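Open your viewer and keep the selection panel at hand. The stops below tell you what to select next.

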Amino acid sequence: MAKKNSMTFIDNRTGKSYEYPILEATRGPWVVDVRSFYKDTGMFTYDPGFTSTASCNSELTFINGEKGELRYHGIEIEELATQHSYLEVCFLLSQGRLPDKEELHAFDLELRHRSFIHEGLKNLIESFPNTAHPMAILSSAVSALSSFYFEHLNINSEEEFEQMRRRLIAKIPTLAAFSYRHSLGIPFIYPDIERSFTENFLYMMRAYPGGKMHIGRQGEEQIREVEIEALDTIFTLHADHEQNASTTTVRGVASTGAHPYVAISAGISALWGRAHGGANESVIAQLEMIGSVKNVAAFVERAKDPDDNFRLMGFGHRVYKNFDPRAKVLKKLQDRLSDELSLDSELIMIAREIEKIALNDDYFVKRNLYPNIDFYSGVILYALGIPRSMFTPIFVIGRTVGWINQWEEFKKDETSKIARPRQLYIGK
Ligand code: ACO
């Protein structure tokens, strides 16, 4: 007789049956363990795009796509984004709990001091053409960390791994800001250890040589609190997101025994695509192409046309079939900050019109196509005056902590194996 917690497959050609255990999840769907399926049946399972496949087990992030729920280590994203800083979230994802005041202070100080990069890396960035996209420079520079910080290539102890994890989180904003400044052909601004993680990133992007900020008629114009708050929230919302395409890439590279630096460099490349993290940049490019509120309806019609491959960027999600909870947080933030952010440009009006039409249109409603995080982050970053080419690097800054912790989880899991899917051969 079949066990209670199992599923039986019957091969209708032969009448033979095969029983597989069902693994219990603490939250969300349970999983049929088909690891011995090929050995038992001589057949593979087929699931392009992994729509029904759990590739690992994880304690980090939980998503309920039907309810629009997202949690890091059990804590709801809205609570983290509105009551905690990004650095607290980094600590949470790395240690499994939020830090106390002293721990946070020590963590913050350490990251400030680790934010400087080797001068050789600066030379590497300088060797790129100015036309290089910051994402291209960033993925190369992160891979190159393996040659500048090689003493940690063999991570033999928890302590060494911890140092490497902090080094990576601290240096990514510097690499991103340097990549941007190089694309403009302007001198790099070194980190300022008196500034917080998020403020420092804005500073390295914007300051003039010598560290002065823009001098306006009002005197020296500093980075505004509202900008730091919005960006910090965006980092938190991007910090981890279960087994998405870039994280799956990081775990796949980790499975070959490669170092986190190169695994994360591969994750950055995967994130760049417009179906994934590159969507935030594409949202603004698309709004510019639409050009005017009066053109929105025609573009929405194009997005619905099955013979046209035009899609509304920033809409839809593989997992969320309800409002993306990260988008919900950003929409609230956008509404709350609308007086302080410049949200009255034509571009923002176009975004609002798209949102209004799509949320009420049958095509989008039936397919559960809601605005995703990239729709609102694109609009907010644009309103903050962040250059479009930096939208996806900002996603990278937020996500690095997730990737490194997914890498660690993969390594510690005794059931981990090299990623090696099979295929349905249809050739000659
Ligand atoms: N505009 C118009 N139609 C869409 C859109 C869209 N943005 N997204 C999905 N659809 C339609 C598809 O045409 C399809 O319609 P059909 O059933 O009539 O064939 C249906 O909705 C399902 O779409 P799939 O592509 O099968 O859904 P999938 O889960 O594979 O893709 C994805 C999800 C890639 C996010 C998709 O919705 C998309 O391309 N969105 C635009 C890009 C984007 O915003 N990406 C960011 C995602 S969030 C992130 O990565 C951080």
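The tour goes from a sheet to a pair of helices and then to the ligand.

This is a predicted model, in which local features need pLDDT of at least 70, side-chain atom pairs count only at pLDDT 80 or more, and totals for chains, interfaces and linings use all residues. Residues are numbered from 1 along each chain as its sequence is written, and side-chain values use heavy atoms, leaving out hydrogens and water.

**Stop one: the sheet.** Select strand E4 (61-64) and strand E6 (75-76), the edge strands, each pairing on one side only. Add strand E5 (residues 69-72), which pairs with E4 in the antiparallel sense over four bridges. Strands are DSSP runs of at least two residues (E), helices of at least four (H or I), numbered from the N terminus; pairing takes at least two DSSP bridges. The open sheet has the order E4-E5-E6. Now pick Ile-63: its bridge partner in E5 is Leu-70.

**Stop two: the helices.** Select helix H3 (residues 86-95) and helix H4 (residues 101-114). Their axes come within 10 Å and cross at roughly 100 degrees. Axes are lines fitted to C-alpha atoms over the stretch in contact, with angles from 0 to 180 degrees between N-to-C directions. That crossing makes H3 roughly perpendicular to H4 (65 to 115 degrees).

**Stop three: the ligand.** Which residues come nearest to the ligand? Select His-276, Arg-311, Leu-312, Gly-314 and Phe-315, out of 19 around the ligand (a heavy atom within 4 Å). A backbone N or O atom of Leu-312 lies 2.7 Å from a ligand nitrogen atom. For Phe-315, a polar backbone atom is 2.9 Å from a nitrogen atom of the ligand.

Notes. Angles under 35 degrees count as roughly parallel, over 145 as roughly antiparallel, 65 to 115 as roughly perpendicular and the rest as oblique. A polar contact is a pair of N or O atoms within 3.5 Å; within protein, one must be able to donate a hydrogen and the other to accept it, and residues adjacent in sequence count only if both atoms are side-chain atoms.
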